[in-house]
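Good morning, and thank you for the time on the agenda. Please have the sequence and the model open while I speak.

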Amino acid sequence: MTRVLHRSGAIPPVAVRGEGIYLHTAEGQAIIDGSGGAAVACLGHGNRRIAEAVGRQAASMAYAHTGTFSNQPAEDLADIILHDEPGGLSRAWFCSSGSEANEAAIKLARQYFLEIGQPRRYRTIARRQSYHGTTLGALAAGGNMMRRAPFEPVLSPAHSLVSPCFAYRFKHDSESDAQYLDRLAAELDAAFQRLGPDTVTAFLAEPVVGATTGCVTAVPGYFKRVREICDRHGALLILDEVMCGMGRTGTMHAWEQEGVTPDIQVIAKGLGGGYQPIGGILIHDRIVRALAHGSGGFLHGQTYQAHPVACAAALEVQRIIREDRLLENVQAMGRRLETGLQERLGNHRHVGDIRGRGLFWAVELVTDRATKAPFDPELKLNERVKREGIARGLATYPMGGTIDGRQGDHVIVAPPYIVTAADVDAIVERFGDAVDAALAGL
Ligand code: PLP
């Protein structure tokens with residue numbers, strides 16, 4: 001019996017305790033949280049320092065409305081992330097989730113153009129097979145066809161989609177990387193022309209695509225081409241780093257590895273590591289100045305924005321990442337995870353692609369490596385891998401619809417930044433066994 005409306009019809013096991021990389025269920029099973037949920041639990045579970053920071057803040061002052069007050073955790077959190085103004089980002093705005101953060105980014109882009117006297121701009125362009133959130137604005141802007149489908153009639157037509165940069169699936173065999181980039185750049189430019197370049201506020205993309213396609217990195221040079229096109233048409237570049245940011249790919253910001261900087265960066269998951277619900281946007285100084293010289297503020301507010309307890313949790317998470325030099329561990333353990341996955345699954349007849357960066361990896365499953373043909377979606381292979389993983393004490397993050405929202409299966413592993421070599425080896429072993437068992441059960 002449950003009174004909770006769960007995600008699917010089934011009642012999932014109850015998780016009662018978390019410790020390090022492990023989650024423990026009410027039935028007594030210890031499960032390695034090999035994906036930190038949805039790439040959230042970047043410091044693992046049960047961290048006393050963070051728990052105490054949360055407790056201290058809740059006891060000293062849980063809430064003060066941001067219309068009247070600032071609070072120190074929010075100030076300190078913004079400062080630890082932005083003190084050196086990475087890429088020219090100079091202000092932060094915090095909310096409670098990635099979806100809310102993308103809503104804020106879309107609205108801020110629109111407001112920026114009102115402030116600088118370009119009121120015709122209101123559209124966004126994003127990519128198919130992307131995800132920017134579940135609320136109506138973020139869902140409408142994004143290209144997760146499976147999640148959009150039931151709600152299409154209520155999604156705003158202000159948002160358009162172009163092709164993703166997804167070489168394994170969509171680069172033609174006859175094409176070089178340069179030719180593929182030319183094709184994608186031409187398509188994006190044509191979208192601007194079709195919509196009217198002076199009506200577009202922003203291009204919105206995940207630097208490493210998360211759950212929708214499974215850790216897809218762009219062909220080198222892609223984001224530079226995108227940045228050039230945005231600049232040429234006077235549009236902003238919004239990079240959604242909700243899943244791939246805050247250290248997950250081995251640098252604090254995923255864009256550092258692409259040679260571009262965003263006008264607005266969207267963050268969440270690894271920001272607070274799951275210790276509190278928190279997301280946010282990081283805003284380029286150019287936009288901050290436009291607001292300062294214009295209406296004076298951001299025309300957008302939420303009751304729980306910059307929540308002191310959430311900010312205190314995220315602040316402690318960010319301090320630990322820096323003090324313990326955890327990005328070095330993400331890089332080193334990321335290399336070990338990549339090598340381990342390649343050794344265990346690289347020659348597997350049903351593993352089409354192993355891809356990712358840092359501690360953010362996915363395996364895409366195919367019936368045939370030569371043709372890259374996907375499995376019948378009705379088989380729900382990705383969910384079977386998840387189930388077999390749980391049976392072996394490993395939680396992963398599976399998704400179907402890798403190719404077009406319906407076809408394709410992939411499974412993500414995204415362990416906490418604190419993993420040891422032995423942890424990584426255990427994850428690879430259990431994951432490999434789960435893939436084999438899922439396929440054997442078809
Ligand atoms: N953007 C990206 C890239 C995501 O991966 C997600 C969640 O998976 C979101 C936005 C939405 O975040 P949330 O589920 O916290 O609303």
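Is Cys165 buried or exposed? In this predicted model, Cys165 is buried, its relative accessible area being 3%. As for a bonding partner, the closest cysteine sulfur belongs to Cys244 and lies 14 Å from the sulfur of Cys165, which is too far for a bond. Cys311 likewise takes part in no disulfide, the nearest cysteine sulfur being that of Cys95, 9.9 Å away. Cys311 has a relative accessibility of 0% and therefore counts as buried. For the structure as a whole, the number of disulfides is 0. As a reminder, a disulfide is a covalent bond that joins the sulfur atoms of two cysteines.

I turn next to helix 9. This helix covers residues 222–233. With 12 residues at 1.5 Å a residue, helix 9 should span 16 Å, and its end C-alpha atoms are 17 Å apart, so the two values agree. Which residues of helix 9 are buried? They are Tyr222, Phe223, Val226, Arg227, Ile229, Cys230 and His233. Viewed down the axis of helix 9, these buried residues fall within an arc of 165°, and therefore they line one face of the helix. The elements that cover them include strand 5 (123–127) and helix 8 (177–195), together with strand 7 (200–205) and strand 10 (236–240). After helix 9 comes Gly234, with a positive phi near 70°.

Positive phi values also appear in residues other than glycine, and I would draw your attention to two of them. The background is that most residues other than glycine have a negative phi. In Met246, phi is positive, near 55°. Met246 sits in the loop that runs between strand 10 and strand 11 (264–267), and at 1% relative accessibility Met246 counts as buried. In Lys372, phi is also positive, near 60°. Lys372 belongs to the loop between strand 14 (360–365) and helix 13 (381–391). With a relative accessibility of 24%, Lys372 counts as partly exposed.

Let us move to helix 3, residues 72–82. At the start of helix 3, Asn71 places a side-chain oxygen within 2.9 Å of the backbone nitrogen of Ala74. Ala74 is itself among the buried residues of helix 3, which also include Pro73, Leu77, Ala78, Ile80, Ile81 and Leu82. What covers these buried residues? The covering elements include helix 2 (48–60), strand 4 (89–95), strand 11, strand 12 (279–284) and helix 11 (308–323).

Two arginines deserve a closer look. Arg148 lies in helix 6, residues 145–148. Its relative accessible area is 9%, so Arg148 is buried. Where does the side chain of Arg148 reach? The side chain of Arg148 comes to 2.8 Å from the backbone oxygen of Ala140. Neighbours within four places in sequence aside, Arg148 is in contact with Leu139, Ala140, Gly142, Gly143, Leu155 and Leu161.

The second arginine, Arg344, is located in helix 12, residues 326–345. At 28% relative accessibility, Arg344 counts as partly exposed. How far apart are Arg344 and Asp433 in sequence and in space? They are separated by 89 residues in sequence and by 9.4 Å in space, C-alpha to C-alpha. Their side chains make a polar contact at 3.0 Å. Setting aside neighbours within four places in sequence, the contacts of Arg344 are with Val428, Gly432, Asp433 and Asp436.

Finally, the ligand. Which residues are found around the ligand? They are Ser97, Gly98, Ser99, Asn102, Tyr131, His132, Gly133, Glu206, Asp240, Val242, Met243 and Lys269. For three of these residues I can give polar distances. A polar side-chain atom of Ser99 is 2.5 Å from an oxygen atom of the ligand. Gly98 has a polar backbone atom 2.9 Å from an oxygen atom of the ligand. Tyr131 has a polar backbone atom 3.3 Å from a nitrogen atom of the ligand.

To close, let me return to the cysteines with which I began. Cys165 and Cys311 are both buried, and the structure holds 0 disulfides. Thank you; I shall be glad to take questions.

Terms used:
Residues numbered from 1 in each chain as written. Predicted model: local features only at pLDDT ≥ 70, side-chain atom pairs only at ≥ 80, totals over all residues. Heavy atoms only, no water. Helix = DSSP H or I, 4+ residues; strand = E, 2+ residues; numbered from the N terminus. Expected span 1.5 Å × (residues − 1). Buried < 20%, exposed > 50% of the residue type's maximum accessible area, 1.4 Å probe, protein only. Arc of directions from axis to C-beta. Contact = heavy atoms within 4.5 Å. Disulfide = S-S within 2.5 Å. Polar contact = N/O pair within 3.5 Å; in protein donor to acceptor, adjacent residues only side chain to side chain. Near = heavy atom within 4 Å.
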